[in-house]
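Let's take a walk through this one together. Have the viewer open and follow along.

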Amino acid sequence: MEAINFKVFEAKYDGFLFKIEEDYPEVGVYLYVYEGGNCIKDFLQNDIGTCKQLAFEEYQVPLDKWIRSESHN
């Protein structure tokens, strides 16, 4: 069975760490918000672009702050 490499993005902004993690298409994409090492909020969206837009709207995370990170799978 072939391993699936899900995309993971991270951004640090305004004292928070934001992570976007892909899941299977039928599940969606998660946006996690960390403060002090603890996850304080999570959102489930349909795609990566929507997660980035949500982080911008809710936390003013600039779109150019996101960097691709290694998948944890």
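Start with Lys19, which may catch your eye because it is a lysine that counts as buried: its relative accessible area is 15%, and the cut-off for buried is under 20%. Keep in mind that this is a predicted model. So what does Lys19 pair with? It forms a salt bridge with Glu10, and the closest N and O atoms are 3.6 Å apart. That fits within the 4 Å limit for a salt bridge. As a rule, side chains of opposite charge can pair when their charged atoms come close. If you go hunting for others, a search of the whole structure turns up one salt bridge.

Now swing over to helix H1, which covers residues 48-59. Its geometry checks out: at 1.5 Å a residue, its 12 residues should span 16 Å, and the end C-alpha atoms are indeed 16 Å apart. Which residues of H1 are buried? They are Ile48, Cys51, Leu54, Ala55 and Tyr59. These residues cover an arc of only 120 degrees around the axis, so they sit on the same side of H1. The general pattern behind this is that an α-helix has 3.6 residues a turn, so residues three or four places apart point the same way. As for what that side faces, the buried residues of H1 pack against strands S1 (8-13), S2, S3 and S4 (38-45).

Pick Leu54 out of that set for a closer look. It counts as buried because its relative accessibility is 14%, with the line drawn at under 20%. Leaving aside residues up to four places away in sequence, Leu54 touches Leu31, Phe43, Gln45 and Tyr59. For a sense of scale, Leu54 and Gly15 are 39 residues apart in sequence and 17 Å apart in space, C-alpha to C-alpha.

Finally, turn to the surface. Ile4, Tyr24, Val27 and Leu44 make a nonpolar patch of about 330 Å². Where do its members come from? Ile4 belongs to the segment before S1, while Val27 is in the loop between strand S2 (16-22) and strand S3 (29-35). Ile4 and Tyr24 are 20 residues apart in sequence, with their C-alpha atoms 9.2 Å apart in space. Are these side chains buried or exposed? Ile4 is partly exposed, at 38% relative accessibility, and Val27 is partly exposed too, with a relative accessible area of 35%. Both can count towards the patch because the cut-off for membership is over 30%.

Terms used. Residues are numbered from 1 along each chain as its sequence is written. This is a predicted model: local features need pLDDT of at least 70, side-chain atom pairs count only at pLDDT 80 or more; totals for chains, interfaces and linings use all residues. Side-chain values use heavy atoms; hydrogens and water are left out. Patches are made of residues with over 30% relative accessible area and no salt bridge: like charges are joined within 9 Å, nonpolar side chains (Val, Leu, Ile, Met, Phe, Trp, Tyr) within 5 Å. Accessible areas come from the Shrake-Rupley method with a 1.4 Å probe; for residues, only the protein chains shown count as cover. A salt bridge is a side-chain nitrogen of Lys or Arg within 4 Å of a carboxyl oxygen of Asp or Glu. Helices (H or I, at least four residues) and strands (E, at least two) are DSSP runs, numbered from the N terminus. Buried means under 20% relative accessible area, exposed over 50%, partly exposed in between (1.4 Å probe, protein chains only). Contact means heavy atoms within 4.5 Å. The expected span of a helix is 1.5 Å times one less than its number of residues. The arc is that of the directions from the helix axis to the C-beta atoms.
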